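Trainee: Please show me how to read the features of a protein model one at a time, giving the general idea before the particular case.

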Amino acid sequence: MIHSNSNNNNSEDDENDVSSQYYAINNDAPLDVMIRPDQMHLRNVGALGTTTTIRGKKDDSPLSFSADSTREFDVENNPSQQLQQQQEAATTQQSWKELAVQFYKKDSLLIDVLLVILIAKIYPRLGAEFLYPEITAHWVAVIVIFYLSGFGLRMEQLSEAASNWKYNSFVIGYNFIGTSFVVTMVANYFVRNEIISEDLMKGMIICSCLSMPTNMMLVLSISSNGDEAVALFLATIMNLMGVIITPLLVFFYLQENADIDFVSTYKSISLRVLLPVSCGILTRIKIPGADSFAIENKQLFVKLREKCLIYIIYATFCTTFVVDTDSTRSQILIMALSQVILLSASMVLAWILLFIFFNRDPKLRVVGLFGCSTKTMALGIPLITAIYEDSPRLGIYTLPLLIWYLSQLIIGTMLAPRLSRFVTYKLMKYEREGRLSSWFDAKSCIGVAENGEL
């Protein structure tokens, strides 16, 4: 028995509070408690983690508590502390399955891409022959992607962002012309010195001629505290321009090695890209209720586009694995490292130029950093498929784009919180400078007025 040290001859215990002193058998130090008798209960923590609650009686006799074993005794916490402990316990007991689901939801597109490439490697004939990729992947999936892209456009949001033509021209020119020119010089140097194969060289150049991604551009710009309207305008305009400009740039850089029949290419692009985009835009404008339907189901359409893209990638790599390639593993590794270095260099140079020309607008600098260097995979691979639909090396042509896309996602995610702090700091700094300038102007006016009165 564990008895209270209170004297039995003392007066009756107070109705509300009783001050007692209890000893833990395995500890010589006394445990002081201040409790109400009707709310008194101690916990006997068992050796196996079980807890037995022992409640006290509200009567005139000294309080006594029995325990099965000598364990640690403590007073139970209040309800808010108990709730906090339960939440902490639930968090620590989170299963690995839940963590895996959260990780998959965060980066589902990249995980699915890697999985389908692995599946294509295991049994390539399924996607290369039995699923009829020349119809399902090259036509149906491409048309669905571009129709949903047009249906998702909100043209009324783009008018204000279009007014800054100098900034927009800089970003568009840097992405299409500047990046593609540098990558072409490096790729040609590699192929002349037999560092990479000609197929990988073509893939690097094709990747550099693509436009920026829409979803990633918006996500990174918002996470970095950039201008969302400008990001949306640039991504939309560049993707529409890319349908025309990308084949022209590819033909200009590769010339006789481009393997492009312009009549056939633009006929295919018109049917698979321009017509579906136009139909999507008209559907949203002309059909009553289509606009609200598009807004409510935006995430569903994004997921559907992603699944179509994943199927195109699967079918493309199935065809690639069926056909032998001249590219070795070492050449693919060199290409991958080169893509990462070129992307990083492109971002550094873009940041320097944005500092020179648009120093006083940090939000535009952040958007420009991603707009100048990122490349679209969601629209790029369908576009490449439309241009090179009959090429057996289509998978090799898309491989540099996959490397560039993965790299820009990792680098952009790492930079986003730092860029957000940078924008906040700059805006606060310019605001302080503006208030200080207004104060000096006011003081100068007062001084001039006083001198005039004198």
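**Reading the model feature by feature**

Mentor: Phe357 is exposed, with a relative accessible area of 55%, and the label follows because exposed means over 50%. Please keep in mind from the start that this is a predicted model.

Trainee: Is Phe170, by contrast, buried or exposed?

Mentor: Phe170 has a relative accessible area of 17% and is therefore buried, since that label is given under 20%. The two rings form an aromatic pair of the tilted kind, in which Phe170 and Phe357 stand 6.1 Å centre to centre with 55° between their planes.

Trainee: Which parts of the chain does that pair tie together?

Mentor: Phe170 belongs to helix α6 (residues 165–192) and Phe357 to helix α13, so the pair links parts that are 187 residues apart in sequence. Tyr167, Phe170, Tyr174, Phe357 and Phe358 form one aromatic cluster, and a search of the whole structure finds 12 aromatic pairs.

Trainee: Which charged residues sit over rings?

Mentor: Arg272 lies over the face of Trp139, at 4.1 Å from the ring centre, and the charged end of Arg365 is placed over the ring of Trp351, 4.6 Å from its centre.

Trainee: How should I check the length of a helix, and what does helix α13 give?

Mentor: The general idea is to take 1.5 Å times one less than the number of residues as the expected span, and then to set that value beside the distance between the two ends. Helix α13 (residues 329–357) has 29 residues and should therefore span 42 Å, and its end C-alpha atoms are indeed 42 Å apart, which agrees. For helix α3 (residues 108–122), with 15 residues, the expected span is 21 Å, and the end C-alpha atoms are 21 Å apart, so here too the values agree.

Trainee: Which residues of these two helices are buried?

Mentor: In α13 the buried residues include Gln331, Met335, Leu342, Leu343, Met347 and Leu354. In α3 they include Leu109, Leu110, Ile111, Val113, Val116 and Ile117, and Asp112 is among them as well. Leu115, which is also found in helix α3, is partly exposed, with a relative accessible area of 44%. Leu115 and Ile310 are separated by 195 residues in sequence, although their C-alpha atoms are 9.6 Å apart in space.

Trainee: What surrounds Gly280 and Thr283 in helix α10?

Mentor: Gly280 lies in helix α10 and is buried, with a relative accessible area of 0%. Once its neighbours within four places in sequence are left aside, Gly280 is in contact with Tyr147, Gly150 and Phe151, while Ser149 is 131 residues away in sequence and 7.2 Å away in space, C-alpha to C-alpha. Thr283 has its place in helix α10 (residues 262–286) and is buried at a relative accessible area of 18%; with its neighbours within four places again set aside, Thr283 is in contact with Tyr147, Phe151 and Ala290.

Trainee: What should I look for in the backbone angles, and which residues deserve attention here?

Mentor: Most residues other than glycine have a negative phi, so a positive value invites a second look. Tyr132 has a phi near 50°, and it is found in the loop between α4 (125–130) and α5 (133–151), where Tyr132 counts as exposed at 52% relative accessibility. Asn225 has a phi near 65° and lies in the loop between α8 (214–223) and α9 (228–254); at 24% relative accessibility, Asn225 counts as partly exposed.

Trainee: How many disulfides does the structure hold?

Mentor: A disulfide is a covalent bond between the sulfur atoms of two cysteines, and the structure holds 0 of them. Cys308 is buried, with a relative accessible area of 13%, and Cys372 is buried as well, with a relative accessible area of 0%.

Trainee: What do the totals for the whole protein say?

Mentor: The protein has 16 helices and 7 strands, and of its 454 residues 42% count as buried. Among contacts with a separation of 6 or more, 76% are accounted for by residues 24 or more positions apart. The accessible surface comes to about 25300 Å², of which 60% belongs to carbon and sulfur atoms.

Terms used. Residues numbered from 1 in each chain as written. Predicted model: local features only at pLDDT ≥ 70, side-chain atom pairs only at ≥ 80, totals over all residues. Heavy atoms only, no water. Disulfide = S-S within 2.5 Å. Buried < 20%, exposed > 50% of the residue type's maximum accessible area, 1.4 Å probe, protein only. Helix = DSSP H or I, 4+ residues; strand = E, 2+ residues; numbered from the N terminus. Phe/Tyr/Trp six-rings, centres within 6.5 Å; stacked < 30°, edge-to-face > 60°. Lys NZ or Arg CZ within 6 Å of the ring centre and 35° of its normal. Contact = heavy atoms within 4.5 Å. Areas by Shrake-Rupley, 256 points an atom, 1.4 Å probe, with all protein chains shown as cover.
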